[in-house]
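Let's take a friendly walk through this structure, one element at a time. Have the sequence and the 3D view ready as you read.

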Amino acid sequence: MPISEAHVGRSYPATPPYEVTGPKIAEFAAALGDADNPAYQGTDAIAPPTFAVVLAGAAWSSLFGDPELGLSLARTVHVDQRFDWTRPLRRGDEVTAQLRIEKVRVRGGAAFITIAVDLTTTAGEPVAVASSTLLHQEVAQ
Amino acid sequence: MSAQLSLGQVLPGFTAQLSRADLVRYAGASGDFNPIHWSESAAAALGLPTVIAHGMLTMGLALRVVTEVTGDPGAVTGYYVRFTKPVPVPEEGAQVHFSGVVTEISEGIAKVSIQAMLADQAVLGAAVAEVRVD
């Protein structure tokens, strides 16, 4: 059965804890052309805001790995993205990411899927929510 | 620490010169190894003219419009973009121009509307960052 409205509310186990390290922050900042920003340096470095995608992306694999949904990353378009931060991710944070399906709208062979990924420290502190709309195309019959 | 922004303030932004190496670097840093960002044949299979930049790379670059003025990336509390057009990155690279304007300040949060232009085409839609201000 392909993805449908019936899957709204489904959530997946949280990812294993991911440690936000100084070198990983530096690597991500450099990839955004922002390596010289002092906020991203030193022992009290924070991560660039969109670093949250590193963690959210790890949780996406639970969605695409769910055999009941029959989703393929190659047939998926990222329509939009929202982040809400409670606080910045910081060097030394250990964070898990948990994905849930918020909304599904099926139109013909296409499904609009809204997902939300909660980023939470291993101490239980909520850090950010990464919400995405994905457009998935079924294989033509 | 909170940022200094005023209503109607224009954030001049910058032009990003994107090369293939930048896409590979972002793939490694983000963990997004979708081949449409580095393989001509994978891009062609989806009807794209050439490899395209990660939408999340464009989104991340665009936020620098805000953080380069405020100086504090930690003051960003929310950020939304719609990916309206792909950013093709041929061998010779691509230039995307980013800019912004402060459209609202309410209850200690400034909203900055961000533009991302590839030549005369907007590649992000409805892009708004929310930033804590004094």
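In this predicted model, a good place to begin is helix H2 of chain A, which runs over residues 52–64. At 1.5 Å a residue, its 13 residues should span 18 Å, and the C-alpha atoms at its ends lie 19 Å apart, so the expected and modelled spans agree. Which residues of H2(A) are buried? They are A:Ala52, A:Val53, A:Val54, A:Leu55 and A:Ala56, followed by A:Ala59, A:Trp60 and A:Leu63.

Now move along to strand E2 of chain A, residues 76–85. Within its own chain, E2(A) pairs with strand E5 (residues 126–137) in the antiparallel sense, over 9 bridges. To find your bearings in this pairing, look for A:His78, which stands opposite A:Leu134 in E5(A).

E2(A) also pairs with a strand of the other chain: strand E2 of chain B, residues 76–83. This pairing is antiparallel too, with 5 bridges. Here A:Asp80 stands opposite B:Arg82, while A:Asp84 has B:Gly78 as its bridge partner.

Let's step back to the contact between the two chains. Chain A brings 24 residues to it and chain B brings 26. On the chain A side, the elements that give two or more residues are helix H1 (22–31), H2 and E2. The largest share of that side, 8 residues, comes from E2(A), the strand that pairs with E2(B). Sorted by class, the side of chain A that touches chain B has 14 nonpolar, 5 polar and 5 charged residues.

Methods. Residues numbered from 1 in each chain as written. Chains lettered and ligands numbered in written order. Predicted model: local features only at pLDDT ≥ 70, side-chain atom pairs only at ≥ 80, totals over all residues. Helix = DSSP H or I, 4+ residues; strand = E, 2+ residues; numbered from the N terminus. Expected span 1.5 Å × (residues − 1). Buried ≥ 20, exposed ≤ 12 C-beta atoms within 10 Å, placed from the backbone. Pairing = 2+ DSSP bridges. Contact = placed C-beta atoms within 7 Å. Nonpolar A, V, L, I, M, F, W, Y, C, P; charged D, E, K, R; others polar.
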